[in-house]
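The following note comments on the structure shown below. Its points are numbered for ease of reply.

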Amino acid sequence: MGILESMSTNEDRNVSMRVAINDEYGDPSVLRLSEAPRPTAGPREVLVQVLASDVTQGDRRLRAADFPGFTALFGRLMFGVFSPRNQVGGTNFAGRVVAVGSKVTSYAVGDDVYGAVMRGAYAEYLAVSENSALAKMPTNTTYAEAAALPYGAVTALVFLRDLAKVQPGQRVLVVGASGGVGRMAVQLAKHLGAHVTGVASRDEDLVRSLGASEFINHKSEDFTQSSQTWDVIFDTTEGNHFQSFCGSLTPTGRYLTLYMTVRVLFEQATTAMRRGPRAIVGVAMGSAENLRDICELVSEGALRPVIGERYSLDEIARAHAALEGSRPRGSVVIDMADGQNLLPALDLLPATPSYA
Ligand SMILES: NC(=O)c1ccc[n+]([C@@H]2O[C@H](COP(=O)([O-])OP(=O)(O)OC[C@H]3O[C@@H](n4cnc5c(N)ncnc54)[C@H](OP(=O)(O)O)[C@@H]3O)[C@@H](O)[C@H]2O)c1
């Protein structure tokens, strides 16, 4: 399917917008700037002028069709077997509502919003359902900061609050504490009242400033060889499984992993059937409810995004390349709000669009 067909909500094909597409899977060089028809909002949709988008390890995987383990087959079936079904990349965004459908009740033109989509956020405009993973943006963040929230914060919320049910006083170990998910996990665990240990090889000062009381450098220390144990080990890195870390769990401890391998699924099933530490694996999906919770946490100062590098939309390939080399100290964002006067952009569109 071509780009015109994939942006199917468009009514006026004469109005175009800039998008970053990858029409094949591969390294960052497959990304390029293109033009597509600007979408319009359906009756229950809002049209968002995207002012920032996050570039994450999740986006890298979708660009490269690098789906871990047995999810490779499902990933290709879901996102396109030989090439991406939706050529416009980008999964997290923040921006301003510039038009609303006739049946929309929760949003109005001018609202600042942020959210997550399966694909399509590397675009100047995005039409999304008002009931999708969308929420009003925190008032104390920039667009770039808000766009950097959903990826790590939703994952941390789902795994630590909902699946592990972290309690005050528990000991939580975050493996990959300086990464996109880890930075949010450290903050959330701290907010939930846990004693937090972060594992990474760089950015100790950053990890501590986010709430870790202890830091373990995985290049010089193997925490599995120490006598310390944790109630929750949140593993954001690849290649491990429950057996790797179960000796470092308390008798009722939880091993959480982001990597869905056959082995970990087996461990999850078997540990659920007996007493003792358990393995938990899953996929974190954004929802309006999660995003509203995150907005509250950011507003009260419990969570903060860390921006590492900013790029413009036409630098999309460079932005993706930044994730492949030495990882930046913070999120990589496509910042489209920079130097942009929002009012003329709003004037581009009718305040009350007419829909058939
Ligand atoms: N299942 C889900 O729902 C879900 C959701 C979100 C993300 N994910 C996946 O989670 C993964 C992590 O994403 P991310 O954005 O956090 O990655 P990232 O930003 O690249 O961070 C990787 C982290 O791992 C650390 N690390 C690297 N090697 C390590 C080792 N041997 N031992 C301990 N720590 C090590 C890095 O620290 P140093 O560089 O300092 O060593 C860094 O803190 C991605 O592959 C993504 O696809 C899954």
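1. The model is predicted. Three elements each supply at least two residues of the shell around the ligand: α2 (57-64), α6 (180-191) and β9 (195-200). In total, 25 residues surround the ligand, and the closest are Gly176, Gly179, Gly180, Ala200 and Ser201.

2. As to its chemical character, the shell around the ligand comprises 13 polar, eight nonpolar and four charged residues. At least three residues of this shell come from domain 1 (3-148 + 306-347), and at least three from domain 2 (151-281).

3. These two domains are the ones given by the domain assignment of the protein chain, which places residues 3-148 and 306-347 in domain 1 and residues 151-281 in domain 2. Taken over C-alpha atoms, the centres of domain 1 and domain 2 are separated by 29 Å.

4. The domains also touch one another: 13 residues of domain 1 are in contact with 11 residues of domain 2. On the domain 1 side of this contact, seven residues are polar, four are nonpolar and two are charged.

5. How is the sheet of six strands ordered? The order is β10-β9-β8-β11-β12-β13; the sheet is open, and its pairing is parallel. Strands β10 (214-217) and β13 (278-281) each have a single partner strand and stand at the edges, so one side of each lacks a neighbour in the sheet. From one strand to the next, the twist averages 20 degrees. Strand β9, which belongs to this order, also supplies at least two residues of the ligand shell.

6. Two of the strand pairings may be described residue by residue. Strand β11 (residues 230-235) pairs with β12 in the parallel sense over five bridges, and Trp230 stands opposite Leu249 in β12. Strand β12 (residues 249-257) in turn pairs with β13, again in the parallel sense, over four bridges. Here Tyr255 stands opposite Ala279 in β13, and Leu256 stands opposite Ile280 in β13. As general background, strands of a sheet pair through backbone hydrogen bonds, either parallel or antiparallel.

7. A helix pair also deserves attention. Helix α5 (residues 150-163) packs with helix α10 (residues 288-299) at an angle of about 100 degrees, and their axes lie 10 Å apart. An angle of 65 to 115 degrees counts as roughly perpendicular, and α5 and α10 are therefore roughly perpendicular to each other.

8. Which residues form the contact of these helices? From α5 come Pro150, Ala153, Val154 and Leu157, which meet Asn290, Leu291, Asp293 and Ile294 in α10. By class, the residues of the contact of α5 with α10 are six nonpolar, one polar and one charged.

Key: Residues numbered from 1 in each chain as written. Predicted model: local features only at pLDDT ≥ 70, side-chain atom pairs only at ≥ 80, totals over all residues. Near = placed C-beta within 6 Å. Nonpolar A, V, L, I, M, F, W, Y, C, P; charged D, E, K, R; others polar. Domains from an automatic or database assignment. Axes fitted to C-alpha atoms, helices over the stretch in contact; angles between N-to-C directions. Parallel < 35°, antiparallel > 145°, perpendicular 65-115°, else oblique. Contact = placed C-beta atoms within 7 Å. Pairing = 2+ DSSP bridges.
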